[in-house]
Amino acid sequence: TNPIPNALIQVDAQTQSLQQSMLTEMVDCIIRQIQHVLQHNAIHQYIDEFSNVIAHKIASIGSLSKGYTVKTHPFAVGVFSRACEYGVVPCIETFGRFENVRSRVVVLIHRLVKCLGEDILTVLVTPSIRCLLAYADNSRDTDMAVQVLNQLMIEFTSKTAPMIEVLLPVVMEKCAGLLKELDDVVPGQNQNQNQIQNPNQNPNYSQQAMAPAHIASEKNTLRKLYLVFLQHIAIHGCHSVLYSTAINQSITLTPSNIPQQPPVANVHKLEEILNLLLDCWKGVFDLNTDKTINVNISIRKNAIIIISNLCSVWLVERPVPDTLVLESRTLSFPPAHIVTAFRSLVYQNLIPILLTSCMNTSIINTRDAGGIALVADIGGLFYNIIVANANSNNCIEISTEFINYVQLVLLPGLGWPNNPWIMDFMTLLNTIMNGGCGVNTKPAIVVGVFKENFKKFIKKLKEESS
């Protein structure tokens, strides 16, 4: 019988001092039980049976944590930190290959976020996440581990950056490895092809054999979770990990008897990441056909959201020093050469592709709700670029540089010179003024208004061109 539910009811009725005493006693009891299992002489003989015991003990710790938060019960931080350090983390190395243990650890992390606060990053997540990713052998297991990281970024924003800096290449390696394994399932698959890097660089796609439907679904799931992970990095103040110059050697997913690839800094993977986001708009080759098809709307949407959020920070005028405290978050800014390369990618490659895609019904169907939402997201990207290039912090005035880019480079490059569309487009850009603003007034900018106007502009363009 599990005495924990009854004990919890009793604890809730006691004074805080007695609560702490009872909670400590119960948690210490579970720690002793876990350590007894780890030191058992027959642990390897009955490893499967003991894994069930360990999974139950980890679940018990999670049950005990219900109702305790770092604000209402500060003493619980020390109690459950000890449970993680002496109970959960030691058994992960031995029992981490068992799915039932890994799933209990994931649930425990989710439950202890409110209980431990930021301490969870050091006492539990960093020591355990390597194991969760190393033993993940399918998209579901990988998704469980990555969702933990996503939740922590939502909860602790830029404070998770040091941890994410180390784990970014680990997640990339895991997704790339699983995609490679799925590629190898199909006879005749190019052994060197790596979907996570650039799916358009494989010249042998047209000769590849047909993949089973579940393989294609599994690969789409992996691509999706990888992009959602990048999306959380971009949104929640962790974007500095993308251009980190630190070389982290503390985590590896490869067994020690296999030669390791030399670790590289994240900044050297940035071009690969940005090209992947761009490739989401170029389309990928489907293994079931020899034709190029479009990736689904949700993948495109993720890519737009990632780049849009990077634009809102990376394209703004660089402050001195290269950090900015905003809403209790410290935002850092990339070096000048990173900004220059990113600006070039956005202006020369991404924006022309996006406008062309808006006009191509086979890529974005503006009669479909998902297509309309995607056009709105593209409008949001333009909005962030314009605001980042504004001439003033008090009043949004489109910079001359951006106006010249649109009039002299972008639209003529799309084959739209001497066309009234140019005037329509410039009128659209000026709608962010929202009626103008005075010298000392703050801009009344509503991104939703700009998105609506952008949708109307694209709709008018398509009607006039048809």
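A crossing is left-handed if the near helix is turned anticlockwise from the far one by less than a right angle, and right-handed if clockwise. The views below come from a predicted model.

**View 1. Helices α13 and α16 meet in a right-handed crossing.**
Helix α16 spans residues 447-465, and its axis comes within 8 Å of the axis of α13. The two axes cross at roughly 120 degrees. That angle makes α13 oblique to α16, because it falls outside the ranges for roughly parallel (under 35), roughly antiparallel (over 145) and roughly perpendicular (65 to 115). On the α13 side, the contact uses I372, V375, A376, D377, I378, G379, G380, F382, Y383 and I386. On the α16 side, look for V447, F450, K451, F454, K455 and I458. Sorted by class, the contact of α13 with α16 has eleven nonpolar, two polar and three charged residues.

**View 2. Helices α12 and α13 cross with left-handed geometry.**
Here α13 covers residues 369-388. The axes of α12 and α13 come within 11 Å. They cross at roughly 150 degrees. An angle over 145 counts as roughly antiparallel, so α12 is roughly antiparallel to α13. From α12, the contact takes V346, Y347, L350, I351, L354, L355 and C358. From α13 come V375, I378, L381, F382 and I385. The contact of α12 with α13 holds twelve nonpolar residues, no polar ones and no charged ones.

**View 3. Helices α12 and α14 make a right-handed crossing.**
Helix α12 runs over residues 336-359, and helix α14 over residues 400-413. Their axes come within 12 Å and cross at roughly 55 degrees. This makes α12 oblique to α14. R343, Y347, I351, P352 and L355 form the α12 side of the contact. E401, F402, Y405, L410 and L411 form the α14 side. Eight residues of the contact of α12 with α14 are nonpolar, none is polar and two are charged.

**View 4. The second largest cavity has a lining of eight nonpolar residues.**
The structure has four cavities of 30 Å³ or more. The second largest has a volume of about 40 Å³. Its lining consists of L230, A234, L242, I273, L274, L277, I306 and L310. Three elements each give two or more residues to this lining: α9 (213-235), α10 (270-279) and α11 (297-314). Which element gives the largest share of the lining of the second largest cavity? That element is α10, with three residues. The lining of the second largest cavity has no polar and no charged residues.

**View 5. T157 sits in a loop between two helices.**
The helix before this loop is α7 (139-156), and the helix after it is α8 (161-185). What is the phi of T157 near? Phi is near 45 degrees for T157. That is a positive value in a residue other than glycine.

Conventions. Residues numbered from 1 in each chain as written. Predicted model: local features only at pLDDT ≥ 70, side-chain atom pairs only at ≥ 80, totals over all residues. Heavy atoms only, no water. Axes fitted to C-alpha atoms, helices over the stretch in contact; angles between N-to-C directions. Helix = DSSP H or I, 4+ residues; strand = E, 2+ residues; numbered from the N terminus. Contact = heavy atoms within 4.5 Å. Nonpolar A, V, L, I, M, F, W, Y, C, P; charged D, E, K, R; others polar. 1 Å grid on protein atoms, 1.4 Å probe; cavity = no way out; pocket = protein on both sides within 12 Å on 5 of 7 lines; lining within 4 Å. Points joined across faces, edges and corners; volume = space filled by probe spheres on them.
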